[in-house]
Amino acid sequence: MRLFIGVIGLYLVAALALPLGLMLAKSLQGSRDEFVGLANYVRYFSTPALSQSIGNSLGVSILSTVITVPLAFLYADALTRSRMPFRGFFKTVALVPILVPSLLPGLALVYLFGNQGLLKAALFGHSIYGPIGIVMAEVFTTFPHALLIVLAALALADARLYEAAVALRASRPKIFWTVTLPGARYGLISATFVVFTTVVTDFGAPKVIGGQYNVLATDVYKQVIGQQNFQMGAVVSVILLVPAVFAFMVDRAVRRRQVALLSARAVPYEPKPQPLFDLLMLAYCVVIGCALLSIVAISQFAAVVKFFPYNLALTWAHYDFDQKGGGGWASYYNSIRLALLTSVVGTVVVFVGAYLVEKARGFALGRGIFHFLAMLPMAVPGLVLGLAYIFFFNAPANPLNVLYRTMTILVVNTIMHFYTVGHLTALTALRQMDPEFETVSASLKQPFYRTFWRVTVPVCLPSTLDIAIYMFVNAMTTVSGVVFIYGPKTELASISVLNMDDTGEIASAAAMAMMIFYTNVGARMLHLILARALERRTQAWRRR
Amino acid sequence: MGKALRREVGAEEVGRTVTTPYLRISRLTKTFGAFTALDDISLEIVEGEFVCFLGPSGCGKTTLLRAIAGLDIQTTGRIEQNGRDISALPPTKRDFGIVFQSYALFPNLTAARNVAYGLENTRMPRGELVKRVHELLDLMGLAQHGNKYPAQLSGGQQQRVALARALATSPGLLLLDEPLSALDAKVRVHLRHEIRALQRRLGVTTIMVTHDQEEALTMADRIVVMNAGAIEQVGTPLEIYREPASPFVADFIGVMNFVAGTVVRDGAVRLGRSELACDVEGLAAGTEVTLAIRPEDIVVHDGGRSESNALTVRVDALVFLGSFFRADLAGDAAAGVLLRADLPADMVRRRRITEKSTLSVLLPPERIRIYPRSPVNR
């Protein structure tokens, strides 16, 4: 078992710890790799053009958070506390943004509010290129993440508390303030930090619609790609790590407390019909749902007409990717390959890793370090990880540099980038299993791997499917993690979107982004069918 | 150590031929940081014996079981099984079958596959394996349930599958970790008898951990009463009940009256204003002691003054408990102390005893146990 921990541990070290360490070191070096102490940082903070990005980043992040979290909370309240119709449909609609790259809302906003936009007048002369556009795009992107967290928190509601409040003749608003809100407070805090971190580290939206408004994420990109100033790129990355790590730590602390809240035995809450309230909630969900769908719809529409909004004649010309600035159709197939590889290899690595952390006996220090490394990627923005990979895998002295610009390194990077959520999902599933399975097997003189294969894997299969689809969808949409390390032969669909947008082929960019969307929808549906089939097959031994 | 002596006497009183013990635990200690979970435990178990580890939660009984299984290796000490030193062996190298409170049945395998689990991967031919599984399921009365999954079985049935699985490999030692506590009362009582009968039939040496004294009293050949990581007493159920070695055991097993008194001379103890005859176990006059007597041992009598150990008491409260009444007795003679007595229902009716009645009760000398009073034990 120690051997297995060692092997996967080594993977985490090579794919995460060493690159990050090297990046920290780079931020302290000059252009000829000599040690210069904090000189780079001093230069960064004494260059207003650079350091003002910190304020910009914080500004858009806070604004996006303040808008997204209440919107998501109300939406979650509608889904869980009202009896409005089509709740399942509205939940599905709200999750659509997860399936598209974060570049897509930027493109759609350009069509809606750009210089030739339909709704340009609604901005009263302000430009969509800049903080307004970034915030709008980020609200779209982060809405489902906030919603899922708040939904989970509201699902814990205890019906007895509501009954007690009603019996004490509390009014609806009073019940909201004294029961609903306190019950969901950890969820709200968690959602706040998740949204904040996502926005601070997001690269796609500010790249497409940020215009001249610099934020930390685009600065890293500009320093590295535009000016080839890797040291300064490392400095900005380290600065970008600070809020992400801080938010991550607060979130972990809060989640730990929420677990304690869960342990009490609660009676699930069942809302009763309240015509007026249900109607208002329905209206609200319709508005939000339309807003979310309109972003996707406008992208698809613009992709199939000649020149939106002037010439609305239908055409497939924008799908002729091979004639455009990006990587052509090849990049789309590369993305599919990456997503499949990431999903298969990633699920195996993540699940076996989580199993070792949870079920191995002894070797506590090794398992502790392993768990820490598994949790770390959550706090590391994709751009930072990508830049760290340049430093580590492009170094001539590193025997692993044969991997540079190959599909393998993209897979390694993407697995690492999305490792934590998969790890936590697997841990949750493993913790629901009787801890004595391994003991019983040992008493029956069976090797641990036999129990793993015969019992653990079959019982955890639904969770492993969840990890696989999560890895697949994210591998399709990610930009930030891979933008520094793709090669001429390994350009991806999401990168193509970025590059076609750069060369002004926005309609093709939107078309490619929508290809990613449809692929993800297809993958999701396949996942659903598989999960259903699995459920039917294992119904006999599953309770409920 | 006095305890060690008592233990050996106890083993002989069971009436077994004294052989080399099957399991010998010597000077076992287990610490978790500053906390001592097992404190110098020594114990011997002979082949075919059914032994219960009994004690309140946190007393170390489960830790001891897990040390025997090799799941949590002891800090110091030695365990020998069948003459073999197994102290440092991992669970896979030891010879035992185990059943947990949660059963830990593999949910995705049928009852039959669960039972077969430990037999697969051995060199046992397929046909023999199938036969053995059938045998075991038959033995447990589960013949027609072999193809069901654990979730489709009742708690009692699941428990029996777990037992069959543990016994499938014919282990020399069967370990049961609170096997009945997840079941409801009726099934529990039924399974007690079943497990006991099965153990007798197979003759497998068995250790069961439980916090349920009734379970231990009805099932065990010998009971090991544990408290705070140490063994308080080892003995047959009858010994443990009749002659508890310490106030802890007396209090933990059954119901016991405790009354403060003082040794007057050899064979007599002062209790309030009365003097009671009893065995003072060599304690010197003037020693502060605790008297202990079980409620059912207090006898109502006709009040002949000549009777020794008689007390005049008033009935403060009378609670009907089916076959008997539990009476709270108080009296000047007993210096304000309260005694509980279990009075047979028909006797209470015959004598027309009610609350506020005045009675004369006997405390039979041979039923009184005394313990030196320490500030810790009440």
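**Note on strand pairing and helix geometry in chains A and B**

1. In this predicted model, B:Val289 stands opposite B:Pro372 of β20(B), and the two strands concerned, β14(B) and β20(B), pair in the antiparallel sense over four bridges. Strands here are DSSP runs of E with at least two residues, helices are DSSP runs of H or I with at least four, and both are numbered from the N terminus; two strands count as paired if DSSP finds at least two bridges between them.

2. Residues are numbered from 1 along each chain as its sequence is written, while chains are lettered from A and ligands numbered from 1 in the order in which they are written. Because the model is predicted, local features need pLDDT of at least 70 and side-chain atom pairs count only at pLDDT 80 or more, although totals for chains, interfaces and linings use all residues; side-chain values use heavy atoms, with hydrogens and water left out.

3. The pairing above belongs to an open sheet of five strands in chain B, ordered β13-β12-β11-β14-β20 and paired antiparallel. The edges are taken by β13 (274-277) and β20 (369-372) of chain B, each with a single partner strand, so one side of each has no neighbour in the sheet. From one strand to the next the twist averages 40 degrees, the axes being lines fitted to C-alpha atoms, for helices over the stretch in contact, with angles from 0 to 180 degrees between N-to-C directions.

4. Towards the β13(B) edge, strand β12 (residues 268-271) of chain B is joined to β13(B) by four bridges in an antiparallel arrangement, and B:Leu271 stands opposite B:Ser274 in β13(B). Strand β11 (residues 257-265) of chain B runs antiparallel to β14(B), with six bridges between them, and here B:Thr262 faces B:Glu288 as its opposite residue in β14(B).

5. How far is strand β14 (residues 288-293) of chain B enclosed by the rest of the structure? Five of its six residues are buried, so the strand is largely enclosed; buried means under 20% relative accessible area, exposed over 50% and partly exposed in between, with a 1.4 Å probe and protein chains only.

6. In chain A, the 25 residues of helix α1 (residues 2-26) should span 36 Å at 1.5 Å a residue, and the 33 Å between its end C-alpha atoms agrees with this; the expected span is 1.5 Å times one less than the number of residues. The helix α1(A) nevertheless bends by about 40 degrees at A:Val13, where the bend is the angle between axes fitted to the seven residues ending there and the seven starting there.

7. The axes of α1(A) and helix α17 (residues 407-417) of chain A come within 10 Å and cross at roughly 95 degrees. That makes α1(A) roughly perpendicular to α17(A), a term for angles of 65 to 115 degrees, with those under 35 roughly parallel, those over 145 roughly antiparallel and the rest oblique. Contact, meaning heavy atoms within 4.5 Å, is made by A:Tyr11, A:Leu12, A:Ala15 and A:Leu16 of α1(A) with A:Val412, A:Ile415 and A:Met416 of α17(A). Among the buried residues of α1(A) are A:Leu12, A:Ala15 and A:Leu16.

8. Two residues of chain B deserve a check of their backbone: B:Tyr103 has a positive phi of about 70 degrees although it is not a glycine, and B:Lys356 has a positive phi of about 80 degrees, again without being a glycine. B:Tyr103 counts as buried at 6% relative accessibility, whereas B:Lys356 counts as exposed at 59%.
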